[in-house]
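Grab the model and work through these exercises at your own pace. Each one starts with a task, and the solution follows step by step.

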Amino acid sequence: MLIRKMQLSGENIPSSEITPREVFRNGRPDRRGFLTNAMKLAAGSVAAGLLPGRAFGGDKLTTIPGKFQATDTQTPYVRATTYNNFYEFGVPKDEPAKNAHTLHTRPWTVQVTGLVKKPLTVNIDDMIAYRPLESRVYRHRCVEAWSMVIPWDGYSLSEFINFCEPLPSAKYVQFLSLYDRKQMPEAPDDYPWPYSEGLRMDEAMHPLTMLTFGCYGETLPNQNGAPVRINVPWKWGYKSAKSIVKFNFVEKQPKTLWNEMNAEEYGFYSNVNPNISHRWSQEHERRIDTGFPHQIPTQMFNGYGDQVASLYAGMDLKKYY
């Protein structure tokens with residue numbers, strides 16, 4: 001039996017591209033460390049009741065404390081999971097939490113394509129088990145001038161990229177999200193779906209960039225990007241792609257949805273910069289935490305400048321915004 005691709009092309013996945021699982025269970029960090037048995041996974045998913053609501057929050061994750069911990073007051077879970085940008089489930093901030101129950105997160109596979117030693121397909125549960133999950137508290141900043149502080153659960157994206165074995169010619173990695181009209185009937189028709197984002201390779205390999213499977217010690221709620229998303233905390237929130245089904249390694253800067261729709265407002269780099277305005281001023285942000293949202297000054301690189309400013313040394317950040 002073959003696992004079917006996630007609504008990107010409708011093609012079947014060759015069995016040679018499905019990674020194995022038994023060796024992976026031994027905890028080996030190389031490509032041979034993954035194992036997938038499609039028939040057992042599908043049967044086990046149904047038996048365990050994983051279709052489709054399991055990743056709609058509420059399932060506990062085992063995590064260890066991560067190195068990166070913002071000390072800001074954390075946003076309560078109920079706010080972080082009911083005030084979301086996820087246009088595939090509706091544009092108003094309260095709609096994703098109402099509509100995302102239609103998302104099926106099991107079975108779920110992620111393709112690795114482009115400039116890699118060997119294209120392959122990986123099951124989500126193998127990705128989750130590949131490394132111990134860390135809990136990291138990150139500031140999350142959006143161009144609508146609001147922000148949250150959320151404990152995310154996952155591990156450095158660099159770990160997965162190393163597993164993918166990109167070729168030296170790969171200078172960027174593109175992320176493609178699921179797009180399925182049956183599961184996402186509220187998605188606006190006039191967007192260039194599927195949602196796409198991308199990073200320069202050194203940004204993707206930075207230890208702050210996180211491959212994320214949960215938040216607040218639980219599996220990701222659907223409206224927060226289940227079952228797998230990334231977090232790039234020094235960039236605007238839209239750079240952190242949700243519900244990812246493909247990692248595509250490329251030589252040239254990839255197209256990204258918001259940059260393609262409005263390049264003057266949404267630059268490819270999208271670093272948090274209070275000196276560059278969008279439709280809203282970015283000098284201040286509305287922090288959503290335990291009380292009434294309050295205004296605070298926006299920090300360059302969202303407060304992560306000590307860790308990431310060197311990535312952009314010598315660059316004109318008003319030109320490469």
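**Exercise 1. Find the residue of strand 5 that stands opposite Ser 135, then work out how the two strands are arranged.**

Step 1. Across from Ser 135, in strand 5, you'll find Asp 153. Bear in mind that you're looking at a predicted model.

Step 2. Ser 135 itself belongs to strand 4. That strand pairs with strand 5 (residues 146–156) in the antiparallel sense, and 9 bridges hold the register.

Step 3. Now look at how the chain gets from one to the other: strand 4 and strand 5 make a hairpin with 3 residues between them. In that turn, Ala 145 has a positive phi of about 70°.

**Exercise 2. Decide whether Ser 135 is buried or exposed, and list what it touches.**

Step 1. The relative accessible area of Ser 135 is 18%. The cut-off for buried is under 20%, so Ser 135 counts as buried.

Step 2. Leave out residues up to four places away in sequence, and the contacts of Ser 135 include Pro 151, Trp 152 and Asp 153. Also among them are Thr 63, Ile 64, Pro 65, Gly 66 and Gln 69.

Step 3. Zoom out to the whole of strand 4 (residues 133–142): 9 of its 10 residues are buried, so the strand is largely enclosed by the rest of the structure.

**Exercise 3. Work out in which sense strand 1 and strand 4 run, parallel or antiparallel, and how many bridges join them.**

Step 1. Strand 1 (residues 63–69) is joined to strand 4 by 4 bridges, and the two run parallel.

Step 2. For one bridge to check by eye, take Gln 69: its partner in strand 4 is Val 137.

**Exercise 4. Trace the salt-bridge network that includes Arg 141.**

Step 1. Start with Arg 141 and Glu 285, whose side chains meet in a salt bridge at 3.0 Å, N to O. Arg 141 sits in strand 4 and Glu 285 in strand 12, so this pair ties together parts 144 residues apart in sequence. Both Arg 141 and Glu 285 are buried.

Step 2. Follow the shared partners, and Asp 72, Arg 139, Arg 141, Glu 285 and Arg 287 come together as one network.

Step 3. Check another pair from that list: Arg 287 and Asp 72 form a salt bridge at 3.1 Å, N to O. Arg 287 is in strand 12 (residues 284–287), while Asp 72 is in the loop between strand 1 and helix 2, and 215 residues separate them.

Step 4. Compare how the two are covered. Arg 287 counts as buried, at 6% relative accessibility, whereas Asp 72 is partly exposed at 22%.

Step 5. Arg 139 has a ring to deal with too: its charged end sits over the ring of Tyr 304, 5.0 Å from the centre.

Step 6. For the overall tally, the structure has 15 salt bridges.

**Exercise 5. Sort two aromatic pairs by their ring geometry.**

Step 1. The whole structure has 22 aromatic pairs. In one of them, Tyr 130 and Tyr 155, the ring centres are 6.5 Å apart and the planes meet at 65°, so the pair is edge-to-face. Tyr 130 lies in the loop between helix 4 and strand 4, and Tyr 155 lies in strand 5, 25 residues apart. Tyr 130 and Tyr 155 are both buried.

Step 2. Next take Tyr 191 and Trp 258: with centres 5.8 Å apart and planes at 90°, this pair is edge-to-face as well. Tyr 191 is in the loop between strand 6 and strand 7 and Trp 258 is in helix 7, so the pair ties together parts 67 residues apart in sequence.

Step 3. Tyr 191 and Trp 258 also belong to one aromatic cluster, along with Tyr 87, Tyr 179, Trp 193, Tyr 238 and Tyr 266.

**Exercise 6. Name the residues with the most contacts inside the largest nonpolar core.**

Step 1. That core has 81 residues, and the best-connected inside it are Met 127, Leu 211, Phe 247 and Phe 249.

Step 2. Ask which strand gives the most to this core: strand 5, with 6 residues.

Step 3. Pick Phe 249 for a closer look. Beyond its neighbours within four places in sequence, its contacts include Val 112, Leu 115, Ile 161, Tyr 172 and Met 201.

Terms used. Residues are numbered from 1 along each chain as its sequence is written. This is a predicted model: local features need pLDDT of at least 70, side-chain atom pairs count only at pLDDT 80 or more; totals for chains, interfaces and linings use all residues. Side-chain values use heavy atoms; hydrogens and water are left out. Buried means under 20% relative accessible area, exposed over 50%, partly exposed in between (1.4 Å probe, protein chains only). Two strands pair if DSSP finds at least two bridges between them. A salt bridge is a side-chain nitrogen of Lys or Arg within 4 Å of a carboxyl oxygen of Asp or Glu. Rings of Phe, Tyr and Trp (its six-membered ring) pair if their centres lie within 6.5 Å; planes under 30 degrees apart count as stacked, over 60 as edge-to-face and the rest as tilted. A charge sits over a ring if NZ of Lys or CZ of Arg is within 6 Å of the ring centre and within 35 degrees of the ring normal. Contact means heavy atoms within 4.5 Å. A nonpolar core is a set of buried Ala, Val, Leu, Ile, Met, Phe, Trp, Tyr and Cys residues joined through side-chain atoms within 4.5 Å.
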